[in-house]
Amino acid sequence: MNDVKLTVLGGEGTGKSALIVRFLTKRFIGEYASNFESIYNKHLFLEGKQLNLEIYDPCSQPQKAKFSLTSELHWADGFVIVYDISDRSSFAFAKALIYRIREPQTSHRKRAVESAVLLVGNKQDLCHVREVGWIEGHRLALENRCQFCELSAAEQSLEVEMMFIRLIRDVLTNLKLKEKRRYSGSKSMAKLINNVFGKRRKSV
Ligand SMILES: Nc1nc2c(ncn2[C@@H]2O[C@H](COP(=O)(O)OP(=O)(O)OP(=O)(O)O)[C@@H](O)[C@H]2O)c(=O)[nH]1
C-alpha cells in the first residue's frame with residue numbers, strides 16, 4: 001500500500017479545516033476547533049492502487065507558519081496552500097508559504113523531485129467582496145510550478161474532492177519519477193562498476 005502525506009497550510013481562518021472535513025465527510029459544518037493540530041487518515045483506491053492517505057491540519061500559529069515549517073516540509077509529499085479570496089493579507093501569506101516551499105535549499109536538500117503544491121483560493125461564494133483576482137492566484141501558481149483552483153468549501157463538495165484528487169495524482173506521479181530516477185541511478189552505477197572492473201579483469 002502506498003503512503004501519501006499531505007499538509008494543508010494557509011493563513012488563519014482561510015478554511016483549511018473546512019476543506020479537509022468537506023473532503024473526508026462531504027459535509028460543511030461551519031465552525032471547526034482551531035487550537036489543536038490533527039492528522040486525518042483515509043484509505044483510497046486510485047489509479048489501480050490502494051492508498052493510505054494522511055492529511056495534516058496544523059493548528060494556526062501565524063508566527064511559526066511563516067518561516068519555520070521545517071518538520072512539515074520534511075514530512076509531506078504534497079501541500080495544499082489555502083488563501084481566502086476575500087482577504088488580501090491571506091494571499092500574501094500564501095505567497096510567503098509557497099516561496100518557503102520552493103526555496104532551493106528546501107526543495108533540493110531532501111528531494112530528488114519537487115514537492116507537489118496546489119494553491120487554493122477558498123470562499124469563492126464571497127466573490128461579491130473579492131480582494132484577490134483569479135488571475136493573480138493563477139499567475140502565482142504558474143510562476144512557482146503549482147496547480148491552482150478557486151472554490152468554496154461551503155458550497156462545493158465535488159470541486160473540493162477533485163482538488164484533493166488532483167494533488168494526490170501529482171504526488172503519485174512524483175513518487176513514480178523518484179523511483180525511476182533511483183532505479184536508473186543504480187543502473188548507471190552498476191554500469192560504471194562493470195566498465196571499470198570488467199575491463200580490468202579482461203586485460204589481466
Ligand atoms: N463563506 C465561506 N466561509 C467559509 C468557507 N470555508 C470556511 N469558511 C468559514 O471560515 C471560517 C474559518 O474556517 P476554518 O475551516 O476553521 O479555517 P481554518 O483555516 O482551519 O482556521 P484556523 O485553523 O483557525 O486557522 C469558519 O467560520 C468557516 O465556516 C467558504 O468556502 N465560504
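Two residues count as in contact when heavy atoms of theirs come within 4.5 Å of each other. With that in hand, take the contacts in this protein between residues at least 6 apart in sequence: 74% of them join residues at least 24 apart. One caveat up front: this is a predicted model.

**Overall layout**

The protein holds seven helices and six strands. Walk along the sequence and the pattern reads β-α-β-β-α-α-β-α-α-β-α-β-α. Out of 204 residues, 43% are buried. The exposed surface comes to about 11300 Å², and carbon and sulfur atoms supply 54% of that area.

**The cores**

The largest nonpolar core has 28 residues, and Leu19, Met163, Phe164 and Ile168 are the ones with the most contacts inside it. Who feeds it? Strands E1 (2–10), E2 (38–46), E3 (49–57), E4 (78–84) and E5 (116–122) each supply at least two residues, and so do helices H1 (16–25) and H7 (157–203). H7 makes the largest contribution, with eight residues. There is also a second, separate core of 21 residues, with Leu69, Ile85, Ile101 and Ala141 among its members.

Leu19 is a good place to start looking around. Skip its neighbours within four places in sequence, and Leu19 is in contact with Val82, Val120, Asn122, Leu151, Ala153, Val160, Met163 and Phe164. Two of those partners, Met163 and Phe164, also belong to the group with the most contacts inside the largest core.

**Helix H1 and the pocket**

Why does H1 count as largely enclosed by the rest of the structure? Eight of its ten residues are buried, so the helix has most of its residues tucked away. The buried ones are Lys16, Ser17, Ala18, Leu19, Ile20, Val21, Arg22 and Phe23. Lys16 and Arg22 are on that list, so a charged residue type can still be under the 20% cut-off for burial. Right after H1 comes Lys26, with a positive phi near 65 degrees.

H1 also matters for the largest pocket, where it gives the most to the lining, with three residues. That pocket holds about 400 Å³ of space. Its lining takes in 25 residues, and Gly13, Thr14, Gly15, Lys16 and Tyr32 lie nearest the centre. By type, the lining divides into ten nonpolar, nine polar and six charged residues.

**Strand E5 and the loop after it**

Gly121 lies in strand E5. With 0% relative accessibility, Gly121 counts as buried. Not counting residues up to four places away in sequence, Gly121 touches Tyr83, Ile85, Phe148, Cys149, Glu150 and Leu151. Met162 sits 41 residues from Gly121 along the chain, and their C-alpha atoms are separated by 14 Å.

The loop between E5 and helix H6 (134–143) is where His128 lies. Val132 lies in that loop between E5 and H6 as well. Buried or exposed: which is Val132? At 0% relative accessibility, Val132 counts as buried. His128 goes the other way: at 64% relative accessibility, His128 counts as exposed.Leaving aside its neighbours within four places in sequence, Val132 is in contact with Tyr83, Asp84, Ile85, Asp87, Arg88, Phe91 and Glu150. Tyr83, Ile85 and Glu150 turn up in the list for Gly121 too.

Here are the C-alpha separations for three pairs.

| Pair | Apart in sequence | C-alpha to C-alpha |
|---|---|---|
| Val132 and Ile85 | 47 residues | 5.1 Å |
| Gly121 and Met162 | 41 residues | 14 Å |
| His128 and Arg169 | 41 residues | 33 Å |

**Positive phi values**

Lys26 has already come up, with its positive phi near 65 degrees. Which other residues are worth a look on this score? In Glu47, a residue other than glycine, phi is near 50 degrees and so positive. Glu47 is placed in the loop between E2 and E3, and at 38% relative accessibility Glu47 counts as partly exposed.

Lys123 is not a glycine either, yet its phi is positive, about 65 degrees. Its place is in the loop between E5 and H6. At 22% relative accessibility, Lys123 counts as partly exposed, since the band for that label starts where buried, under 20%, ends.

Conventions: Residues are numbered from 1 along each chain as its sequence is written. This is a predicted model: local features need pLDDT of at least 70, side-chain atom pairs count only at pLDDT 80 or more; totals for chains, interfaces and linings use all residues. Side-chain values use heavy atoms; hydrogens and water are left out. A nonpolar core is a set of buried Ala, Val, Leu, Ile, Met, Phe, Trp, Tyr and Cys residues joined through side-chain atoms within 4.5 Å. Buried means under 20% relative accessible area, exposed over 50%, partly exposed in between (1.4 Å probe, protein chains only). Helices (H or I, at least four residues) and strands (E, at least two) are DSSP runs, numbered from the N terminus. On a 1 Å grid over the protein atoms alone, a cavity is a set of points where a 1.4 Å probe fits but cannot get out, and a pocket is an open set with protein on both sides within 12 Å along at least five of seven lines; lining residues have an atom within 4 Å of a point. Grid points are joined across faces, edges and corners, and a volume is the space filled by probe spheres set on the points. Ala, Val, Leu, Ile, Met, Phe, Trp, Tyr, Cys and Pro count as nonpolar, Asp, Glu, Lys and Arg as charged, and the others, Gly among them, as polar. Accessible areas come from the Shrake-Rupley method with a 1.4 Å probe; for residues, only the protein chains shown count as cover.
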